[in-house]
Amino acid sequence: MNKVNKIKLKGLREKRKEIEEKINNNYTFYESYKRRVDYASAREMSVVDDKTILYESYFGRGLVCSPYALFKRIKSDSAFADYKHVWVFDELEQHEIEIEEYKDDSSVIFVEQHSEEYFKYLSTAKYLITNVTFQSYYTKKPEQVVINTWHGIPLKYLGYDTPNGNVENTNAVRNFLMSDYIISANEFTTRNFLDAYKLDGLFEGKIIESGYPRNDCL
């Protein structure tokens with residue numbers, strides 16, 4: 001291949017890459033917009049069920065961390081015998097073992113993140129438990145109770161203390177501010193929450209400094 005053809009080929013490849021990036025960006029924007037619309041519709045049409053609890057760990061990674069510890073404790077309490085437990089998974093087919101474990105328990109439901117069922121339970125669950133943050137399209141209803149268990153002791157920079165923190169942590173701050181309860185491992189962690197995410201004087205919920213539920217079983 002001569003030099004001229006090589007230059008032309010390189011130009012075509014760069015143009016193709018540019019077009020593919022535009023397509024991907026438009027698809028991402030469309031998906032994001034569609035999720036917001038679908039969730040908003042579900043939220044508008046639904047009523048909160050006082051006996052439904054939604055659990056989401058690490059954006060649907062599985063039955064893990066403090067939300068799972070709380071789930072097991074609640075399931076063992078007869079006072080919650082008639083409650084519905086909804087677990088969020090990133091992809092249902094990746095969690096066949098966990099789903100199989102509860103296949104005969106009608107009180108445990110599994111939904112895939114961003115699905116129609118997910119939007120439904122995100123809108124109807126009275127209690128929502130997470131160890132990170134809910135999606136940016138989620139808006140808490142006045143009747144809902146959000147519990148953030150978090151997932152570690154922050155021996156690193158968090159929130160506004162990180163590079164570009166004022167841009168990249170907006171959803172985290174929003175999630176903290178709409179939480180009714182934040183579980184803290186200790187005084188050090190509590191201080192980090194308040195300082196790194198600038199919650200001091202703004203957070204109207206309660207920080208429960210009790211250690212993490214996931215460690216209680218140890």
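Trainee: How much area does the protein chain expose, and what share of it do carbon and sulfur atoms supply?
Mentor: Good place to start, and do keep in mind that this is a predicted model. The protein chain exposes about 13200 Å². Of that area, the share from carbon and sulfur atoms is 52%.

Trainee: What portion of the residues is buried in the protein chain?
Mentor: The protein chain has 218 residues, and its secondary structure comes to 8 helices and 7 strands. The buried residues make up 41%.

Trainee: In what order do the strands of the open sheet lie?
Mentor: The sheet has 7 strands, and the pairing is parallel. From one strand to the next, the twist averages 20 degrees. Read across the sheet, the order is 3-2-1-4-5-6-7.

Trainee: Which strands stand at the edges?
Mentor: Look for a strand with a single partner, because one side of such a strand is left without a neighbour in the sheet. That description fits residues 108-112 and residues 206-209. These are strand 3 and strand 7.

Trainee: Is strand 3 mostly covered or mostly uncovered?
Mentor: Strand 3 has a single partner strand, and its pairing with strand 2 runs over 5 bridges in the parallel sense. Within that pairing, F89 stands opposite E112. Since 4 of the 5 residues in strand 3 are buried, the strand is mostly covered.

Trainee: What is the handedness of the β-α-β unit that strand 2 and strand 3 make with helix 3?
Mentor: The helix in this unit spans residues 96-101. Together with strand 2 and strand 3, helix 3 makes a unit that is right-handed.

Trainee: At what angle does helix 2 run to strand 2?
Mentor: Helix 2, residues 65-75, lies across strand 1, strand 2, strand 3 and strand 4. Its buried residues include Y68, F71 and I74, and their cover includes those four strands and helix 8. Relative to strand 2, helix 2 runs at about 160 degrees.

Trainee: Is C65 buried or exposed, and what about C217?
Mentor: The structure holds 0 disulfides, but we can still set these two cysteines side by side. C65 has a relative accessible area of 13%, which is under the 20% cut-off, so C65 is buried. C217 has 64% relative accessibility, over the 50% cut-off, so C217 is exposed.

Trainee: Which residue is the bridge partner of N148 in strand 6?
Mentor: Strand 5, residues 145-148, and strand 6, residues 181-184, run parallel and are joined by 2 bridges. In strand 6, the partner of N148 is I182.

Key:
Residues numbered from 1 in each chain as written. Predicted model: local features only at pLDDT ≥ 70, side-chain atom pairs only at ≥ 80, totals over all residues. Heavy atoms only, no water. Pairing = 2+ DSSP bridges. Axes fitted to C-alpha atoms, helices over the stretch in contact; angles between N-to-C directions. Contact = heavy atoms within 4.5 Å. Buried < 20%, exposed > 50% of the residue type's maximum accessible area, 1.4 Å probe, protein only. Disulfide = S-S within 2.5 Å. Right-handed = clockwise from strand over helix to strand, strands pointing away. Areas by Shrake-Rupley, 256 points an atom, 1.4 Å probe, with all protein chains shown as cover.
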